[in-house]
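Visitor: Please take me through one part of this model at close range. I would like the aromatic side chains and the core around them.

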Amino acid sequence: MENRVITIARSYGSGGRKMGRLLAKELGYEYYDREILRIASDESGISEELFNQADETRQHMPLFRIARELYSGEVIPPDSDDFISNENLFRYQAKIIRELAATRNCVIVGRCANFILRGRENVTNVFVTAPVVDCVRRVMENDGLSLEEAEKKIKKIDKRRADYFKYFTGRQWHDAALYDLCLNTGHMDEHKCVDVVRAYMDARFSED
């Protein structure tokens, strides 16, 4: 049987990362989030700190360059001046994501994985969101922030994620057409969302 992959994109405060961990645990899949940065660092020889810095400062990427920077699958060779550019750091992460998806059952959170793995029959793409009031409540509880601080943080991080996705894919991060399932944790908690994903996969791959 072909291995299965689940990608999860999520709005900040929706509980998507928690859902991803629960899903991986229940299915017995491997879980990847920031671990991809370490693996990409090991393979490329580029400092993991550079991957982390690019991950944390990606909101400053110039969106006017989108048309020339769409991910094409190739990594830039070490002798190039662009070897440690943001574009090449992304390409190495994408390379790792493609390798993981080809070899094991796994849950991959974020990092444009749904776009990188587009067209693969063994991949289920999930977007997790929630009403702002629920996201704010979670962020206040988890991060110890005030109402105003939580609202600002959510807006900032969601914009960063949308800009990052747009920069490397040319598509809208929250476009439902890019996902197999869009789940609202304001209506169901993370455990029930896991049940929905599992039911979807059972129905979709029942003939395998």
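Guide: What follows goes from the whole chain to the core, and then to the aromatic rings. The model is predicted: local features need pLDDT of at least 70, side-chain atom pairs count only at pLDDT 80 or more, and totals for chains, interfaces and linings use all residues. Residues are numbered from 1 along each chain as its sequence is written, and side-chain values use heavy atoms, with hydrogens and water left out.

The protein chain has eight helices and five strands. These are DSSP runs numbered from the N terminus: helices are H or I with at least four residues, strands E with at least two. Their order is β-α-β-α-α-α-β-α-β-α-α-β-α. Of the 208 residues, 49% count as buried. Buried means under 20% relative accessible area, with a 1.4 Å probe and protein chains only.

Now the core. A nonpolar core is a set of buried Ala, Val, Leu, Ile, Met, Phe, Trp, Tyr and Cys residues joined through side-chain atoms within 4.5 Å. The largest one holds 30 residues. Phe90 is among the members that touch the most others, together with Val5, Ile36, Ile97, Ile108, Ile116 and Leu117. Elements giving two or more residues include β1, α2 (35-44), α4 (86-103) and α7 (147-169). Helix α4 supplies the largest share, eight residues. A second, separate core has 19 residues, including Ile8, Ala24, Val126 and Cys193.

Ile36 shows the packing in detail. Leaving out residues up to four places away in sequence, Ile36 touches Gln93, Ile96, Ile97, Leu100, Ile108 and Arg111. Contact here means heavy atoms within 4.5 Å.

On to the rings. Rings of Phe, Tyr and Trp (its six-membered ring) pair if their centres lie within 6.5 Å; planes under 30 degrees apart are stacked, over 60 edge-to-face, and the rest tilted. The count comes to seven aromatic pairs. Phe90 and Tyr164 are edge-to-face, 5.9 Å centre to centre with 70° between the planes. This pair links distant parts of the chain: Phe90 lies in helix α4, Tyr164 in helix α7, 74 residues apart. Phe90 is buried at 2% relative accessible area. Tyr164 is buried too, at 6%.

Phe90 also pairs with Phe168, this time stacked: 3.9 Å centre to centre, 5° between the planes. Again helices α4 and α7 are linked, with the two residues 78 apart. Both Phe90 and Phe168 are buried. Phe90, Tyr164, Tyr167 and Phe168 form one aromatic cluster.

Notes. Buried < 20%, exposed > 50% of the residue type's maximum accessible area, 1.4 Å probe, protein only.
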